[in-house]
Amino acid sequence: MPDIQEITVDDLKHLVSERAIQGETVLLNMGPQHPSTHGVLRLLLELDGEIVVSCVPDIGFLHTGIEKNMEAKTYQKAEVMSDRLDYMNTVGNNLAYSMAVEKLVDLDVPPRAQAIRVILAELTRFQSHLVWLGTSALDLAAMSMFLYCFREREYILDVLEMCSGQRMMTTYIRPGGLWRDVPVEFEAAVRNILKTFPKRVDEYEALLTRNPLMLDRTYGIGKLTGEECLNFGVTGPMLRASGVKWDLRKNRPYSGYEQYEFEIPTRTEGDVYARYLVRLEEMRQALRIVEQALDKLPMGAVRSNNHKYVPPPRSEIGVSMEALIHHFKLWTEGFNAPQGSIYTAIESPRGELGVYLESDGGPKPYRIHWRTPSFDNLSSLPLMSKGVLVADLVAIIGSVDIVLGDVDR
Amino acid sequence: MGVEQKLGNMGIATTTLEQAVAWSRTNAMWPMLFGLACCAIEMMSAQAAHYDMSRFGMELMRPSPRQSDLMIVAGRVSRKMAPVLRRLYDQMPEPKWVISMGDCASCGGVFNNYAIMQGVDEVVPVDVYVAGCPPRPEALIHGVLTLYEKVRGMKFAEIKK
Amino acid sequence: MEDKLQPIIGKLEKEFGGTACEYRGEVSLTIPAEKIVAACQQLHDLGFELLSALTAVDYWPQEAPRFHVIYQFTSVTSNLVLTLRVPVPGINPSLPTVSHIYRSANWRERELWDMFGIKFQGHPDLRRILMPADWEGHPLRKDYPLGYEEPQFTFNFEEINQRKPYAKE
């Protein structure tokens with residue numbers, strides 16, 4: 001059993017300042033198991049009293065080898081692994097994967113499937129921001145926010161369970177459309193959400209936004225300018241809080257987002273408080289999109305008709321020979337994608353979630369790479385944390401909204 | 001602990017003391033925060049208001065291993081994390097129990113590759129395995145109650161390790 | 001999108017001797033390894049501020065070139081995307097670093113070193129990022145095994161059970 005890597009000052013001479021080598025500052029290990037790091041993130045802090053002189057993140061404690069494992073499975077089976085990457089945005093991961101496969105094989109998606117995809121993706125965005133709000137408020141010692149947010153989240157998980165049978169890892173969005181049509185109780189449940197949630201978001205705002213404790217702990221902390229953000233590859237609410245209005249749903253729309261009217265909240269300060277306000281406003285806009293999508297929901301099929309790539313409905317297998325052959329081929333061998341490589345990106349609650357998919361003509365993805373937003377968002381942490389107090393560092397980590405499954409893949 | 005070691009296996013006279021000790025252990029078992037991945041979110045859900053775990057004694061989650069007696073390994077354990085897990089398990093005081101929550105902690109789950117430990121029982125002895133990917137909060141509570149039954153059925157002579 | 005990208009592609013092709021190809025509406029340009037830093041600098045000045053992705057593909061057993069390193073650029077101001085592909089040979093794979101132009105490349109190049117074994121000359125801190133520091137091998141290469149554990153069926157349950165390491169206490 002290999003022992004824990006003991007890292008000495010010699011190994012990190014080039015990363016910490018000379019004061020650490022002389023012994024003036026303390027090297028503290030904010031280890032992989034810590035209540036405030038939102039997962040298994042290890043931070044090596046160099047502290048001068050209470051002030052952080054430098055911060056070196058050590059990641060990889062949740063590395064799952066998903067990219068290599070997906071190369072060993074067919075396209076249909078590999079989708080199951082994609083849910084487990086960014087486990088707060090499971091529907092979004094499925095959406096990114098499905099869009100990548102559809103682009104690669106040039107598959108059409110019926111409009112009803114696109115609208116339902118938008119509804120579920122926006123509900124997942126809302127749910128992810130709820131968990132962010134609950135856990136980062138918990139870090140700032142506002143314990144009741146945690147309980148309120150998780151109470152709200154149960155309604156959304158009920159909707160996901162109603163559609164797909166699973167609360168989190170749904171694998172409901174598949175290449176070519178959806179797995180099956182939504183049940184009859186779906187609309188009533190979503191309408192109930194749309195009726196009650198705006199008041200709840202107002203409650204959160206009343207609790208936190210003008211709270212002097214919240215302002216003291218988050219205003220002016222962890223600033224990043226827009227240029228620094230882009231240079232570090234930071235996307236998502238962090239980028240929008242720093243003044244750059246870039247959202248893939250508006251600038252490079254996918255899955256029918258161009259039909260819906262919504263705003264992209266942007267702020268210019270770039271600190272933790274601005275990110276909080278941006279995400280709170282995004283929650284409201286997500287509800288607005290869900291309402292429009294639900295009102296305009298078209299009737300029709302939810303899966304594409306191209307049965308070379310999409311399984312035929314079970315009812316046809318008994319009567320049609322081709323349906324049986326397609327089903328057999330898809331379940332035993334999988335479909336063969338044409339040779340070539342593509343890159344697609346969607347806007348996840350954390351930023352740009354991109355999929356680079358390359359195929360060599362076979363039934364398995366030859367190379368799939370997930371451009372996950374939290375990886376680049378986290379790389380800006382050493383810059384943001386120079387010269388802040390340790391308590392501020394906790395607030396900054398909360399505002400980056402990292403999900404370690406996303407960082408380590 | 002001293003009373004148990006002295007009295008040991010005395011049969012009928014110590015039965016009610018065993019039961020009393022087991023009852024007190026299960027009524028306030030504090031888990032250690034060891035949420036790694038997706039199962040951690042369901043563990044947090046189980047702790048939150050809808051599926052309250054506080055009614056079963058788990059009022060708080062202690063981040064420090066020295067103050068907890070249950071470790072719920074929630075999530076996939078990678079090869080880099082395994083020595084950390086073992087070290088934290090060693091830091092917990094006796095008596096301690098381990099619940100392996102989820103498929104990845106029990107057997108490697110969906111991931112059968114170089115990076116993920118195929119079951120956390122390769123490094124720590126597990127008492128209860130909870131299946132699911134992720135297990136519903138009710139499943140986790142069922143696992144916790146199964147552990148309570150196991151603890152209540154424990155005799156003194158078994159606890160000494 | 002294509003018409004705004006056309007002059008940029010033409011300029012890059014002339015200056016760096018690359019070949020452009022289009023697939024499903026996306027343009028990707030293959031340029032040789034020595035010119036990558038100059039190309040990145042040029043693209044940064046042309047308004048491609050965001051390096052969206054930096055990844056690599058392994059074409060083993062084909063040895064030359066064995067890897068293709070892929071740079072994905074996004075321009076926020078002009079709303080364009082562009083891909084650059086750089087072929088890298090299999091023996092002593094190395095490339096000059098672009099982390100002084102795009103700071104997101106810092107961690108991404110560390111990830112490529114960790115997963116593929118591609119060295120980046122001039123990188124300030126090239127060490128493993130996702131695997132433990134004493135790990136041997138580069139996992140995402142095609143000749144690295146998956147590390148698959150045999151599933152236990154009823155016929156081989158006992159023999160695998162004896163081989164599997166269990167913690168006793």
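Trainee: Which element gives the most to the lining of the largest cavity?
Mentor: This is a predicted model, where local features need pLDDT of at least 70, side-chain atom pairs count only at pLDDT 80 or more, and totals for chains, interfaces and linings use all residues. α5, α8 (212-218), α12 (272-295) and α17 of chain A each give two or more residues to the lining of the largest cavity (helices are DSSP runs of H or I, at least four residues, numbered from the N terminus). With five residues, the top contributor is α5(A).

Trainee: Which residues lie nearest the centre of the largest cavity?
Mentor: Residues are numbered from 1 along each chain as written, chains are lettered from A in the order written, and side-chain values use heavy atoms, without hydrogens and water. The lining counts 15 residues (an atom within 4 Å of a point on a 1 Å grid where a 1.4 Å probe fits but cannot get out). Nearest the centre are A:Trp132, A:Ser136, A:Leu140, A:Met214 and A:Val272.

Trainee: How many nonpolar residues line the largest cavity?
Mentor: The lining has four polar residues and one charged residue. Its nonpolar residues (Ala, Val, Leu, Ile, Met, Phe, Trp, Tyr, Cys and Pro) number 10.

Trainee: How much space lies in the second largest cavity?
Mentor: B:Cys38, B:Cys39, B:Arg76, B:Cys104 and B:Cys133 lie nearest its centre, among 13 lining residues. In chain B, α3 and α5 (103-107) give two or more residues each. The space in this second largest cavity (filled by probe spheres set on the points) is about 80 Å³.

Trainee: Which element gives the most to the lining of the largest pocket?
Mentor: The pocket (an open set with protein on both sides within 12 Å along at least five of seven lines) has 44 lining residues. Chain A supplies at least two residues from each of α5 (111-139), α6 (143-164) and α17 (390-400), and chain B does so from α3 (38-47). Seven residues come from α5(A).

Trainee: Why does the largest pocket lie between two domains of chain A?
Mentor: The domain assignment, automatic or from a database, gives domain 1 (9-58) and domain 2 (69-106 + 109-303 + 338-408). The pocket lies between them because its lining takes residues from both domain 1 and domain 2 of chain A.

Trainee: How much area do domain 1 and domain 2 of chain A bury between them?
Mentor: The C-alpha centres of these domains lie 30 Å apart. A:His38, A:Glu50 and A:Val52 supply 37% of the area that domain 1 of chain A buries against domain 2 of chain A, more than any other three residues. Carbon and sulfur atoms carry 69% of the total buried area (accessible area lost on being put together, 1.4 Å probe, summed over both), which is about 1500 Å².

Technical notes:
Buried area = accessible area lost by both parts, 1.4 Å probe.
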